[in-house]
Amino acid sequence: CHDAKNKRLVFPLRNEEKECIGYTGRLYWEKDFCYRDGKSLLDSEGKKASYCVHCRQSYTKYKHFKGKWRNKNVYGLSLCTPNEPIVVCEGSMDVVSLWQLGIKNPVAIFGSAPSKEQMQLIAQKANKSPIYLMGDGDEAGYKMSKECETILGSLGVGSYRVLLREGEDPDTITQEELFQLIPNEEAYKCDLK
């Protein structure tokens, strides 16, 4: 839903029973000044601060419920078809973009730090179907994919790293590029050929 007051989109997080157990919100305010009081968000080095020092409005990219739910759940997993390929990415907007590009089962781990619990949930849902790891095309994204691969390997589950070019992420690639990166037609809602 759209939270206009806080300039963000809010995505509910549901467990396998489809119960809402939390939410993640994506802030879309990109300007260098606070939308509440108009004060500059730039620090002494010219970098954008994560909050306004005057009114304390947070400018953190994602907002989640407090607690440890983030590393024990996977965004979009409750919507995935069991026993079919899954594409793992970083954020909820990546899931939306991949779904629009035709991916059947995209999921997000809420950032670039996967947990063993998240990988176990994904492996159980995929149940020996391919798991594709698609971090953003930056250092954190490459590290995320490698860490997911390592955790899945320790669980006895194979996976495939899908490496995006530097600066790319799932919402900047085309459907044709995606089909070259993930040629497995079972991963798509429709035949893209």
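## The parallel sheet

E5 and E7 pair in the parallel sense, and 3 bridges hold the pairing. This is a predicted model, and the description below should be read with that in mind. In the pairing of E5 with E7, Ile86 stands opposite Ile131 of E7. Both strands belong to an open sheet of 4 strands, whose order is E6-E5-E7-E8 and whose pairing is parallel. The edges of this sheet are formed by strand E6 (106-108) and by E8, each of which pairs on one side only. As general background, strands of a sheet pair through backbone hydrogen bonds, and they may do so either in parallel or in antiparallel fashion.

## Helices across the sheet

Two helices can be placed against these strands. H1 lies across E5 and E6, and its direction makes an angle of about 175° with E6. H2 lies across E5, E6 and E7, running at about 160° to E5.

Within helix H1, which covers residues 92-100, the buried residues include Ser92, Asp94 and Val95, together with Ser97 and Leu98. After H1 comes Gly102, which has a positive phi near 110°.

## An antiparallel hairpin

Elsewhere in the chain, strand E2 (residues 8-14) and strand E3 (residues 20-27) run antiparallel and are joined by 7 bridges. One of the residues involved is Leu13, whose bridge partner in E3 is Gly22. The hairpin of E2 and E3 has 5 residues between the strands, and in this hairpin Lys18 takes a positive phi near 70°.

## Two asparagines with positive phi

Most residues other than glycine have a negative phi, which makes the following two loop residues worth a look. Asn83 is found in the loop between strand E4 (62-64) and strand E5 (86-89), and its phi is positive, at about 65°, although this residue is not a glycine. Its relative accessibility is 45%, so Asn83 counts as partly exposed, since that class lies between the limits of 20% and 50%.

Asn127 lies in the loop between helix H2 (116-126) and strand E7 (131-133), and here too phi is positive, with a value near 45°. With a relative accessible area of 42%, Asn127 is likewise partly exposed.

## The largest pocket

The largest pocket has a volume of about 320 Å³. It is lined by 14 residues, and those closest to its centre are Tyr75, Gly76, Leu79, Val95 and Pro106. The elements that give two or more residues to this lining are E2 and H1. Sorted by class, the lining of the largest pocket consists of 9 nonpolar, 3 polar and 2 charged residues. Val95, named above as close to the centre, is also one of the buried residues of H1.

## A buried serine and an exposed cysteine

Ser159 lies in the loop between helix H3 (139-154) and strand E8 (160-161). Its relative accessible area is 16%, and because buried means under 20%, Ser159 is placed in the buried class. Leaving aside neighbours within four places in sequence, Ser159 is in contact with Ile131, Leu133, Glu149 and Leu152; Ile131 is the residue of E7 that stands opposite Ile86.

Cys1, in the segment before strand E1 (2-3), has a relative accessible area of 67% and is therefore exposed, as the limit for that class is over 50%. When residues up to four places away in sequence are not counted, Cys1 touches Arg8, Leu9 and Val10. Cys1 and Trp99 are 98 residues apart in sequence, while their C-alpha atoms are 17 Å apart in space.

Terms used:
Residues are numbered from 1 along each chain as its sequence is written. This is a predicted model: local features need pLDDT of at least 70, side-chain atom pairs count only at pLDDT 80 or more; totals for chains, interfaces and linings use all residues. Side-chain values use heavy atoms; hydrogens and water are left out. Buried means under 20% relative accessible area, exposed over 50%, partly exposed in between (1.4 Å probe, protein chains only). Contact means heavy atoms within 4.5 Å. Two strands pair if DSSP finds at least two bridges between them. On a 1 Å grid over the protein atoms alone, a cavity is a set of points where a 1.4 Å probe fits but cannot get out, and a pocket is an open set with protein on both sides within 12 Å along at least five of seven lines; lining residues have an atom within 4 Å of a point. Grid points are joined across faces, edges and corners, and a volume is the space filled by probe spheres set on the points. Ala, Val, Leu, Ile, Met, Phe, Trp, Tyr, Cys and Pro count as nonpolar, Asp, Glu, Lys and Arg as charged, and the others, Gly among them, as polar. Axes are lines fitted to C-alpha atoms, for helices over the stretch in contact, and angles run from 0 to 180 degrees between N-to-C directions.
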